[in-house]
Amino acid sequence: MANLSVCGTDCRTCGCFGNMCTGCNECEGKVFHAPEGTACAIYQCSIHDKELKGCGECDKAPCDIWRNTRDPRYSDEEFEQNIQMRIQALKSSQN
């Protein structure tokens, strides 16, 4: 999983990748499920100011920003499972 987005989502597995959504890195943080014209708050997070490579290096992850930028396709349970999966992927990619 070398090409994880900043928040840890592997966009390549999404059916919308390359179609409705080109991925946060390619489109500067704009994600298809965000309100039109807005960028993903995770992408704009101060992790860039802290010189971290991504959320996996941040001791606050998963933070409120993750919860506020959730993909509406997920139920509450699916969303929590997705967050845990992304955190694990980010942590393991640091090793």
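1. Leu90 has its place in helix α2, and since this is a predicted model, that placement, like the other values in this note, is computed from the model. With a relative accessibility of 7%, Leu90 counts as buried, because the cut-off for that class is under 20%. The C-alpha atom of Leu90 is separated by 7.3 Å from that of Cys55, although the two residues stand 35 residues apart along the chain.

2. Cys55 also appears in the largest nonpolar core, which has 13 residues. The residues with the most contacts inside this core are Cys7, Ile42, Cys55, Trp66, Ile83 and Ile87. Helix α2, which covers residues 76-94, supplies the largest share of the core, namely 4 residues.

3. Ile87 deserves a separate look, as one of the residues with the most contacts inside that core. Once its neighbours within four places in sequence are set aside, Ile87 is in contact with Ala61, Pro62 and Trp66, and Trp66 is itself listed among the core residues with the most contacts.

4. Turning to charged side chains, which residues meet in a salt bridge? They are Glu80 and Arg67, whose side chains meet at 2.6 Å, taken from N to O. The pair links distant parts of the chain, with Glu80 in helix α2 and Arg67 in helix α1 (residues 64-68), 13 residues apart. In general terms, side chains of opposite charge can pair when their charged atoms come close. The count for the structure comes to 1 salt bridge.

5. Are the two partners of this salt bridge buried or exposed, or do they fall in between? Glu80 counts as partly exposed because its relative accessibility is 33%, and Arg67 likewise counts as partly exposed, at 34%.

6. Asn82 is another residue found in helix α2, and its relative accessible area of 12% means that Asn82 is buried. The side chain of Asn82 is joined to that of Arg86 by a polar contact of 2.7 Å.

7. A reader who notices the cysteines may ask how many disulfides a search of the whole structure finds. The search finds 0 disulfides. A disulfide is a covalent bond between the sulfur atoms of two cysteines. As for the surroundings of individual cysteines, Cys58 counts as buried at 9% relative accessibility, whereas Cys63 is partly exposed, with a relative accessible area of 24%.

Notes: Residues are numbered from 1 along each chain as its sequence is written. This is a predicted model: local features need pLDDT of at least 70, side-chain atom pairs count only at pLDDT 80 or more; totals for chains, interfaces and linings use all residues. Side-chain values use heavy atoms; hydrogens and water are left out. A nonpolar core is a set of buried Ala, Val, Leu, Ile, Met, Phe, Trp, Tyr and Cys residues joined through side-chain atoms within 4.5 Å. Buried means under 20% relative accessible area, exposed over 50%, partly exposed in between (1.4 Å probe, protein chains only). Helices (H or I, at least four residues) and strands (E, at least two) are DSSP runs, numbered from the N terminus. Contact means heavy atoms within 4.5 Å. A salt bridge is a side-chain nitrogen of Lys or Arg within 4 Å of a carboxyl oxygen of Asp or Glu. A polar contact is a pair of N or O atoms within 3.5 Å; within protein, one must be able to donate a hydrogen and the other to accept it, and residues adjacent in sequence count only if both atoms are side-chain atoms. A disulfide is a pair of cysteine sulfur atoms within 2.5 Å.
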